[in-house]
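User: Could you walk me through this structure? I would like to go over it piece by piece.
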Amino acid sequence: MTRQTKASLLMILCTGVLASCGDVPGLDAAVSKEVEAAPYPELLPAHALPAAPEQRLTESSEEELAARGARLNRRARELQ
């Protein structure tokens, strides 16, 4: 590694360390008191989680989306 590369890496590292030391203004105000006081949600084991939703894509989904896109494009042209 050249001396210039080492100096560049050191400068990047120092900049990252200094940036991580700063406070983000207004971050505490983004959370309401109700949310802050709310209990932590209960963690469930994997077998107790709800089932995944039924797959909504079908064999004809691509054609339906293409037709819908064509209708929306036609409608957009009519509105201009």
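User: To start with one residue, is Ser 61 buried or exposed?

Analyst: Ser 61 counts as buried, at 9% relative accessibility, where buried means under 20% relative accessible area, exposed over 50% and partly exposed in between, using a 1.4 Å probe and protein chains only. Please keep in mind that this is a predicted model, in which local features need pLDDT of at least 70 and side-chain atom pairs count only at pLDDT 80 or more, while totals for chains, interfaces and linings use all residues. Residues are numbered from 1 along each chain as its sequence is written, and side-chain values use heavy atoms, with hydrogens and water left out.

User: Which backbone nitrogen does the side chain of Ser 61 reach?

Analyst: The side chain of Ser 61, a residue in helix α3, reaches the backbone nitrogen of Thr 58 at 2.6 Å.

User: How many helices and strands does the chain have?

Analyst: The chain has three helices and zero strands, and along the sequence the pattern reads α-α-α; helices (H or I, at least four residues) and strands (E, at least two) are DSSP runs numbered from the N terminus.

User: What is the radius of gyration of the chain?

Analyst: The chain has 27 Å, whereas a compact globule of 80 residues would be near 12 Å; the radius is taken over C-alpha atoms, and the globule rule is 2.2 Å times the number of residues to the power 0.38. Along its principal axes the C-alpha trace spans about 60 × 45 × 35 Å, and 1% of the 80 residues count as buried.

User: How far apart are Leu 57 and Ala 38 in space?

Analyst: Leu 57 and Ala 38 are 37 Å apart from C-alpha to C-alpha, with their positions 19 residues apart in sequence counted as their separation. Leu 57 is in the loop between α2 (33-37) and α3, and Leu 57 is exposed, with a relative accessible area of 59%.

User: Switching to charges, how many salt bridges does the structure hold?

Analyst: The structure holds one salt bridge, a term for a side-chain nitrogen of Lys or Arg within 4 Å of a carboxyl oxygen of Asp or Glu. Glu 78 forms the bridge with Arg 74, and the closest N and O atoms are 4.0 Å apart.

User: Where do Glu 78 and Arg 74 sit in helix α3?

Analyst: Glu 78 and Arg 74 are four residues apart in helix α3 (residues 61-79), so about one helical turn separates them. Glu 78 is exposed at a relative accessible area of 59%, whereas Arg 74 is partly exposed at 43%.

User: And which side chain does Thr 2 contact?

Analyst: The side chain of Thr 2 makes a polar contact with the side chain of Thr 5 at 2.8 Å; such a contact is a pair of N or O atoms within 3.5 Å, where within protein one must be able to donate a hydrogen and the other to accept it, and residues adjacent in sequence count only if both atoms are side-chain atoms. Thr 2 lies in the segment before α1 (3-20).
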